[in-house]
Every structure is written in C-alpha cells, then in structure tokens.
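Biologist: Hey, I've just opened this one and could use a quick tour. Can you pull it up?

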Amino acid sequence: MTSFVADTAVLTGRSLKHITRSLDTIITTAVTPIALMLLFVYVLGGAINVGTDSYVTYLLPGILLITIASGIAYTSYRLFLDLQGGIFERFHSMPIARSSVLWAHVLTSLVANLASLVIVVLVGLLMGFRTSAGIGAWLAVVGILVLFTLALTWLAVIAGLAAKTVDGASAFAYPLIFLPFISSAFVPTQTMPGPVRWFAENQPVTAIVDTIRRLFAQQSVGDTIWVALGWCVVILLVAFMIAMRLYHRRVSRA
Amino acid sequence: MTAMIEVVGLRKAFGEVDVLRGVDVSVAPGTVFALLGANGAGKTTMVRILATLLKADAGSARVNGFSLDGDAAQVRESISLTGQFAAVDEVLTGRENLILIARLRHLPAPQEIADNLLGRFGLADAASRPVSTYSGGMRRRLDIAMSLIGDPAVVFLDEPTTGLDPEGRLEVWRAITELAAAGTTVLLTTQYLDEAEQLADRIAILHDGVIIVDGTLAELRTLLPPAKVEYVEKQPSLEEIFLHLTGTPNAAEPAEVSPQEQS
C-alpha cells in the first residue's frame, strides 16, 4: 500500500510534467468553452430569456461541464500514447504497484481540468458572472466538479485503453461535449418540445447544472443535489469497474 | 552453477497460431545469450513471458531462481526489460527519465544514479534536453541505461539495434559489452546474425516455435563443413567506408571490445 502511494506520486509527477511542458493543452481545453460562452452571451444571449438579469451567470455552470468534457479527451490521448510506446510495458515489468500507472493518469486529469476550470471561471468573472456564494457553497461546487471530472476521467480511461488509433482515443469526448446543449445549461428546459424536454430533464447534465447554479445563487438545492451526486457516483463506479477490467485483461494477456 | 534463466517446455499460442511449441533454454549467470530468429519466430513472445508481461500456456520458467508463476514480484525485482521500441518518455529529459525509474525502484539518491549513468552512456551533454530531440542511438542508450537502474541480475534486450544506423548500432553493442563485463546476465534477441556473433557467449536459434540449435559460436561452427582457406582481396565493407567518411571515433574496431566466444 505504501508503495502504491509512492509509485502513484512519482508517476503523477511524471505526467504533470507532460502538462506543464505543453501548457497549450490546458489552454485549448479552456478555449472552446470560452468561445461558446462569448458566442452565447454576446451574440445569442440577447434573445434568450432565462428569467434572470445576467445570462453569463445562468450559463457558467454548463460551460464548466463542457470544459471538463473537452479536457478529459487529453487523458485518453496521453494514456493511449503510453500504451503505444514501450514505456507502459517498462513500468509493468518493474516491481511497482501496477494500478498506480492508471491512477497517475487519473490524478493528472484532475489537476489539469481544475486548472482549465479556474481559467474559465476567471473569464466568466470578467464577462460579468457574479455569485453570492460563500465558502461552503464554493466548496460544494468544487466537490461536484471534482466528482464529475473523476467520473468522466474513468470514461476517458476506458476510451484510452480500448482505442485502436489516436483519433479514436479522443473522439469519444465529442458526444459528451454536446450533451449540455440538450439540458438546462443554455436555456430553461420548459421551452423544449415534449420528448426533447423529457430527455433534457432526466439526463445527468441538467441535475448537475441546476445544482451548481443554485449553489452559486445561494438557493436551496433541494433533492436536485442528490440526483446530481447520484449520477456522478454511478457513472464513476461503472466506468471505474469497466476500466479496471479492461486494464487487467490488457495487463495479463495483452 | 545454477542457471540464471531456466526455461522448460514453454508453450504459447495466440488463438490458432502456435508461437512457442515447447522451448527449453538455460542461461548461465553473467553470460550473454542470443536468441536468434526471423521475424515472427516468437522471440518477442518469449521475452514478454520471461518479463512477466504475458502468461505462458504451459511449461515452466525460473528467473534468478524465482518462478514466473508464483513469484512474479520477485522476478520483476530481478529483471529489466528493454523492448523493441525504446521505452523512454519523450517529453522528459534524459536525466528525468533516469530519475523516474530510480524513484520507481525506491532507490536512495536517484540524482546520483542518473548522473552516473548519463556519464557512463555518453549522454551527459544531452542530459537536460527532452528525449524527443535525441537520435535513435542516443534513445536506445538511454533506454538501456534505464534498464540498468537498481542493478537487475538479468536484462532482456528485445532487438536492441533494430532500426538503428550503423553508429547507433555500435554504440548499443558497446553498452551491451560493458553490461556483460560487469556481470549482468543478458538475454538478447536479434535477427542480425553478426550481432549474435559479436556479442553472445551462447546462441540459440528459435525457428517455428522450437529451439533448433543451442551452443557457443564455436560449437555452431562445427555443425557446418570445416572452413576452407581461400585467398580473397580484403575490400572495405560499405559500413567501414561509411564510418570512415563520417569520422565516427572508435567506430572502426567494434570487434576488439566485444567478448569473443569463451570456449
């Protein structure tokens, strides 16, 4: 166990160096969500009525989820490159805790995504995002974002382990990036026609976005937060189990 | 003397394809053993099984006295693998790669280990450059240097010179020769006959999933009709011309530093 912690720390340090040496990955992760935010706030937002004064305040929670969805594509990409090169086999032929090779990628994904999220929030503040949230509410928001990042990261690990090509390793993220469009992230779901509205109201993004929005607005989160946490935990556990199974199959027989 | 690598009746099939069909190999401590074979002969499969990356279907193998089945962790403590593709981190510098492996082997003073190996493998000047800027030969040398961290008793080198230019190949040969001189047991796979001839104490030929011959170079020579004496004008080989023109230092006498067969 101690060797698992030490090995994971060493390997996380290694992949964090990959990030600090290509800071563009953090910036490109933040660019798409920021562009969407600019587009929706300054071009389309004037025609969207969300029932609050500030559209950017309404929009930011959804943009944060899009940031995470685009950030995790790099996790599959980095994992895939490790598997392709010989370094993965080198690690596996060494006396180290084997699963720390995966955990290092997961922790790195968490750090990189949090960095991108900070950039997006800062741009949001420049564009007029305001919140009355206190420390407690902020911690709750960060907690939900961390949980969501972990859930999507384990999905990214599955993609990285299963992919046959570099393109395949990161392509899985596109549907995830578009999921927020069919949710309450951009417009209230009440305006959508029946089946679309049903989908939007029952998919995970809406619950998570609504929870974060209410935390920022200092409103009661009610049951929504439990639905949001439930989705995150279920996705996390299922993705984790599938990823571990794929990993063990790959490690034991390759 | 007990063998450092002892393989008995090793079998492995991938689906319908029988890759290894009962391989027996014994490698004495401190020797260089070359596994020779064409592409697809099963050399890599064999190395991956011995390096605990792959499970054999049947047969048994011991490395440094530890069984692959029961004591995989101890086997991993005893070995180091340099696979067919340089197992280095392209983004990190040469020094960082070495420190990474030293840390993962839980060794004290990783910095000193790294500096020592950088000097030994002629990479001191390139130590702070990202590996992506290295030549093929430098990358391979770093790869081998990484394999030596923690002084493993056995080093597996899977086609260490495939894809290298002549200079890179000589650099790697020198590294392997030094390894053997320091007492490490080396199992080397190669498809180049001259490489086995230069480096190996014993040579085995893997063909169609079985070892068809196993012996010292001198023993293998006796399998053929005795040498005839012919007088032939000695023309420089293209390799000698290339190395002469490009002015590679010491490159012209690889044979002198290599261990000749110890019969």
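Modeller: Sure, we can go through it chain by chain and then look at where the chains meet. Keep in mind that this is a predicted model.

Biologist: Okay, chain A first. How many helices and strands does chain A have?

Modeller: Chain A has twelve helices and zero strands. Reading from the N terminus, the elements go α-α-α-α-α-α-α-α-α-α-α-α.

Biologist: What is the radius of gyration of chain A, and what would a compact globule have?

Modeller: Chain A comes out at 19 Å. A compact globule with 254 residues would be near 18 Å, so the two agree. The C-alpha atoms fill a box of roughly 60 × 35 × 35 Å along the principal axes.

Biologist: And how much of chain A is buried?

Modeller: Buried residues account for 44% of the 254 residues. Also, if you take contacts in chain A between residues at least 6 apart in sequence, 81% of them link residues at least 24 apart.

Biologist: I clicked on A:Thr165. Where is A:Thr165 found?

Modeller: A:Thr165 sits in the loop between α7 (135-162) and α8 (166-171) of chain A.

Biologist: Buried or exposed, and why?

Modeller: A:Thr165 counts as exposed, because it has 10 C-beta neighbours inside 10 Å, and the cut-off for exposed is 12 or fewer. A:Tyr77 is 88 residues away from A:Thr165 in sequence, yet their C-alpha atoms are 9.6 Å apart in space.

Biologist: Switching to chain B. What order do the six strands of the open sheet come in?

Modeller: The order in chain B is β6-β7-β8-β3-β9-β10, with mixed pairing. β6 and β10 (210-215) of chain B are at the edges with a single partner strand each, so one side of each has no neighbour in the sheet. From one strand to the next, the twist averages 15°.

Biologist: How many bridges join β9 of chain B to β10(B)?

Modeller: Five, and the two strands run antiparallel. In that pairing, B:His207 stands opposite B:Val210 in β10(B).

Biologist: Which strands do helices α1 and α5 of chain B lie across?

Modeller: Helix α1 (residues 43-50) of chain B crosses β3, β7, β8 and β9, at about 150° to β7(B). Helix α5 (residues 136-148) of chain B lies across β6 and β7, at about 165° to β6(B).

Biologist: Last thing: how many residues does each chain bring to the contact?

Modeller: Chain B brings 22 residues and chain A brings 19. On the chain B side, α2 (72-78), β6 (79-82) and α3 (94-104) each give two or more residues. That side divides into 14 nonpolar, two polar and six charged residues.

Conventions:
Residues numbered from 1 in each chain as written. Chains lettered and ligands numbered in written order. Predicted model: local features only at pLDDT ≥ 70, side-chain atom pairs only at ≥ 80, totals over all residues. Contact = placed C-beta atoms within 7 Å. Helix = DSSP H or I, 4+ residues; strand = E, 2+ residues; numbered from the N terminus. Nonpolar A, V, L, I, M, F, W, Y, C, P; charged D, E, K, R; others polar. Buried ≥ 20, exposed ≤ 12 C-beta atoms within 10 Å, placed from the backbone. Pairing = 2+ DSSP bridges. Axes fitted to C-alpha atoms, helices over the stretch in contact; angles between N-to-C directions. Rg over C-alpha atoms; globule rule 2.2 N^0.38 Å.
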